[in-house]
Amino acid sequence: MEEQQVAAAEQIVDHTSENVASSVNQKLRPVDNGKPEMLWRSDDCNHHPDDFCYICGYFITRTTTKHTLRKDTKLYEAYKQYFNIEVEHQDKQWVPHYACHNCTRRLHGWYQGENRLMEFAVPRIWHSPSNHQTDCYFCVVNLASGQKKSTYPDIPSSRAPIPHSAERPIPQRTCETAVSTTTISTVSGSSVPSSESLQLQGGVLNIPHYPNQTEINDLIRDLALPKNKSELLLSRLKQWSLLDESVRITSQRTRDEEFSSYYTSEDGICFCRDIEGGYFYLFG
């Protein structure tokens, strides 16, 4: 009887050991470089990976269009030709699976022969993270609100983009739809310098930048422009194709709505009724 009990106890111990080993093996999986890869769950991150751009790593707001990186898309081919690397790890949970509108617009334009260039020669490169505390991009990233600017980390699992320079020039277009790189004609008939004629400033290529809605809002705030002057400025910049496609000319008409809940008006006097809430909204 005692021998049967001992045998049963040994079976329980063996079964428990197998379960523990199986659990460990499920959390650590071998990868190509021989190092174990952590079984990643995006639900454990502070932010979901698909809320960020695979190419630049920036946060994609809910009002901005996301663009897929499937192999059958023009964006996928443009990415390969511009950066000379493949879109990788799209079967993993620890990378974004979309691109922001700004990166998509620039890559599409360059691919089709327009004078649109990326601001960097090497995109954000993603690797398997080792932990959530210090090596997870979606846990470490600091997304600010109000007038603060978000900070995007450069960590082993997510290397920051590298700008163009003399050592990393703008690539030549190889697409059949690309036009001559000598000059590119604008709608008005004037010519824009090609990527070959862009000058270096401090070792970095001076690439045209098209402000998005957030950047243009900051500029208007810094210039203290009233609504009518702001709309006139946006109209002219839009006419000259100097703005990102996401910028809306009429956006300044309702710019006060985000602060209206903190103010009230009585007897012809407007005053702040929630100073603490307004301060927290602006400065976090």
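## Salt bridges

In this predicted model, the count of salt bridges comes to 8. One of them joins the side chains of lysine 66 and aspartate 51, with N and O 3.6 Å apart. Both residues lie in the loop between β2 (36–38) and β3 (67–68), 15 residues apart, and the pair is counted as linking distant parts of the chain. Lysine 66 is partly exposed, at a relative accessible area of 33%, and aspartate 51 is also partly exposed, at 27%.

Another salt bridge is formed by aspartate 72 and arginine 70, whose closest N and O atoms are 3.1 Å apart. Aspartate 72 is exposed, with a relative accessible area of 61%, whereas arginine 70 is partly exposed at 47%. Arginine 253 and glutamate 231 also meet through their side chains, with an N to O distance of 2.7 Å. Glutamate 231 belongs to helix α6 (227–239) and arginine 253 to the loop between α6 and α7 (257–260), so this salt bridge ties together parts that are 22 residues apart in sequence.

## Cysteines without disulfides

A disulfide is a covalent bond between the sulfur atoms of two cysteines. A search of the whole structure finds 0 of them. For cysteine 53, the nearest cysteine sulfur is that of cysteine 100, 3.7 Å away. The cut-off for a disulfide is 2.5 Å between the sulfur atoms, so this pair does not count as one. Cysteine 56 is likewise in no disulfide, and its nearest cysteine sulfur, that of cysteine 53, is 3.7 Å away.

Cysteine 53 has a relative accessible area of 0% and is buried. Cysteine 56 is buried too, at 7% relative accessibility. With its neighbours within four places in sequence left aside, cysteine 53 is in contact with Tyr58, Ile60, Pro96, Tyr98, Ala99, Cys100, Cys103 and Trp126.

## Helix α3

Helix α3 covers residues 101–111, and 9 of its 11 residues are buried. The buried residues include His101, Arg105 and Arg106, along with Leu107, Trp110 and Tyr111. Cys103, Thr104 and Gly109 are also on the list of buried residues in this helix.

What do the buried residues of α3 pack against? Their partners are the strands β3, β4 (98–99) and β5 (120–122), together with helix α2 (74–83). Just after α3 comes glycine 113, which takes a positive phi of about 95°.

## Nonpolar cores

In soluble globular proteins, nonpolar side chains tend to be buried together. The largest nonpolar core in this model has 34 residues. Which of its members touch the most other members? They are Cys53, Ile55, Tyr82, Phe83, Cys103, Leu107 and Met118. Two of these names appeared above in α3, where Cys103 and Leu107 are buried. Cys53 is the cysteine with a relative accessible area of 0%, and its contacts include Cys103.

The elements that give two or more residues to the largest core are α2, α3 and α4 (137–140). Helix α2 supplies the largest share, 6 residues. Apart from this core lies another one, of 6 residues, among them Ile216, Ile220, Leu243 and Val247.

Technical notes
Residues numbered from 1 in each chain as written. Predicted model: local features only at pLDDT ≥ 70, side-chain atom pairs only at ≥ 80, totals over all residues. Heavy atoms only, no water. Buried < 20%, exposed > 50% of the residue type's maximum accessible area, 1.4 Å probe, protein only. Salt bridge = Lys/Arg side-chain N within 4 Å of Asp/Glu carboxyl O. Helix = DSSP H or I, 4+ residues; strand = E, 2+ residues; numbered from the N terminus. Contact = heavy atoms within 4.5 Å. Core = buried A, V, L, I, M, F, W, Y, C linked by side-chain atoms within 4.5 Å.
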